[in-house]
Amino acid sequence: MALFRALVTRAAASPLQFQAQKFSPVVAIPVRFESTNLKDVLAQKIPAERENVKNFRKEHGNTVVGEVTVDMMYGGMRGIKGLVCETSVLDPEEGIRFRGLSIPECQKLLPKAPGGAEPLPEGLFWLLVTGDVPTEGQVKAISQEWARRADLPNHVVTMLANFPSNLHPMAQLAAAVSALHSESKFAQAYQKGIPKTQYWEYVYEDAMDLIAKLPPLAASIYRNVFKGGSSVGAIKRDKDWSFNFASMMGYEDAEFIELLRLYLTIHSDHEGGNVSAHATHLVGSALSDPYLSLCGGMCGLAGPLHGLANQEVLNFLTKIVGEIGATPSEDQIKQFILKELKEGRVIPGYGHAVLRKTDPRYTCQREFALKHLPNDPMFKLVSNIYKVAPPTLLDTGKIKNPWPNVDAHSGVLLQYYGMKEMNFYTVLFGVSRALGVMASLIWDRALNLPIERPKSMSTPGLIKFVQKK
């Protein structure tokens, strides 16, 4: 508890000196609520945070945050500061922080399953939503609530069973999540004309229902596509979210379940500008319900430049093994990388739009591998690439960030424990990412954020603008 207070105190001491003003971020609120009812805790926090944001905007609403260049507009808006994301912040040098806490801090502070060493995603969700490190009791309450809400409606079960097996699992996931719109409490309440101040309550209910239903939904896709349509079985009400997900897919190995807990935690959130997070926020800003909003995010995640990247890494490793063997020397790896670059290909799993150091999500997966599978040949190959790739890429003089990202490692771990169906990996990513984007969507509605509508310009319009300047 003392460490928790120290971390909160450190997070509160920002350059703006929030505590000395009339506003403060949620993570800096020094009140810890002991209730195991997450909605009740939110109901106590939201009024104060609304007032914080109101006062902050009143005092600093006209403050200039940054500038926009022509290159930024053509370059995917990289570097433009144009979104507010309460749940996590990505620092180019430090990596991701969830409500002010680094991944190692989350691994240390968040509750674990009995006998386990990795954080439970339920605890990470509580942290993202409230800014508080939860107690074991609070995490257990979330596990039980998600188990209670997990049943899929019959029409979605039938829909999944009728999909052709050659339909990509991500397309199935997005379609099924969209079909869950029939269950939306927010959509029903909106039609009845509820006041804006209550939007968050119904978005919360939808978010909790949706997260609860994702494991049986994803497991059904896995079973239908790869396991001949076998049954996912029943939810075990006394087990955690990851345990049930693994079990429904047919995995009972304790180490794999621990890996899944870690995987679902570290892939959950990566601030608000990535495609899946931004798409979910954008669709939600139109007051589309959480099911339709997450569908938008999952369609973005399905792209090869976002959620499919770990498949690209495994294809790259397979290519290495096929061309220079399973145990190449460091010099052979270097020459292979240079050949790939010369032929106009990128090195998958290396580089990131924001990060300028080794992704902490890569590091914690590497530590998991060192603990559980240090002699696995594919892990050894990944480790040797880690030694060789960064200096080789730096030497080209063209690459700002030569360090590995989360995708450089995750596929190898899944393969080791027998999940070799690469087309399913992005579904795992999507189940995890729902935690972060749903937490953010709850706060979007709690703070009454408006519909997103940035201004666009044409190339002729930009040329005229520049000429005038």
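In this predicted model, helices α2 and α10 cross in the right-handed sense. Helix α2 covers residues 38-60, and its axis comes within 12 Å of the axis of α10, the two crossing at roughly 140°. An angle over 145 degrees would count as roughly antiparallel, and 65 to 115 as roughly perpendicular; α2 is therefore oblique to α10. On the α2 side the contact is made by Leu38, Lys39, Leu42, Ala43, Ile46 and Arg50, and these meet Trp200, Glu201, Tyr204, Glu205 and Met208 of α10.

Helix α10 also leads into the interior of the protein. The largest nonpolar core has 118 residues, and α10, which spans residues 199-226, gives the most to this core, with 16 residues. Within the core, the residues with the most contacts are Phe125, Met249 and Met419. The surroundings of Met419 can be followed in some detail: once its neighbours within four places in sequence are left aside, Met419 is in contact with Tyr222, Met249, Tyr251 and Phe256, and also with Leu414, Phe424, Tyr425 and Leu428. Met249, itself among the core residues with the most contacts, is thus one of the partners that Met419 touches.

A separate part of the structure to trace is the sheet. Strands of a sheet pair through backbone hydrogen bonds, either parallel or antiparallel. Here three strands form an open sheet in the order β1-β2-β3, and the pairing is antiparallel. The strands at the edges are β1 and β3, each of which pairs on one side only.

Taking the sheet from β1 onwards, strand β1 (residues 88-91) pairs with strand β2 (residues 95-98) over four bridges, in the antiparallel sense. Within this pairing, Val89 has Arg97 of β2 as its bridge partner, and the chain passes from β1 to β2 by a hairpin of three residues. Strand β2 is then joined by two bridges to strand β3 (residues 101-102), again running antiparallel, and here Phe98 finds its bridge partner in Leu101 of β3. The hairpin of β2 and β3 has two residues between the strands, and in it Arg99 takes a positive phi near 50°.

How values were computed:
Residues are numbered from 1 along each chain as its sequence is written. This is a predicted model: local features need pLDDT of at least 70, side-chain atom pairs count only at pLDDT 80 or more; totals for chains, interfaces and linings use all residues. Side-chain values use heavy atoms; hydrogens and water are left out. A nonpolar core is a set of buried Ala, Val, Leu, Ile, Met, Phe, Trp, Tyr and Cys residues joined through side-chain atoms within 4.5 Å. Buried means under 20% relative accessible area, exposed over 50%, partly exposed in between (1.4 Å probe, protein chains only). Contact means heavy atoms within 4.5 Å. Two strands pair if DSSP finds at least two bridges between them. Axes are lines fitted to C-alpha atoms, for helices over the stretch in contact, and angles run from 0 to 180 degrees between N-to-C directions. Angles under 35 degrees count as roughly parallel, over 145 as roughly antiparallel, 65 to 115 as roughly perpendicular and the rest as oblique. A crossing is left-handed if the near helix is turned anticlockwise from the far one by less than a right angle, and right-handed if clockwise.
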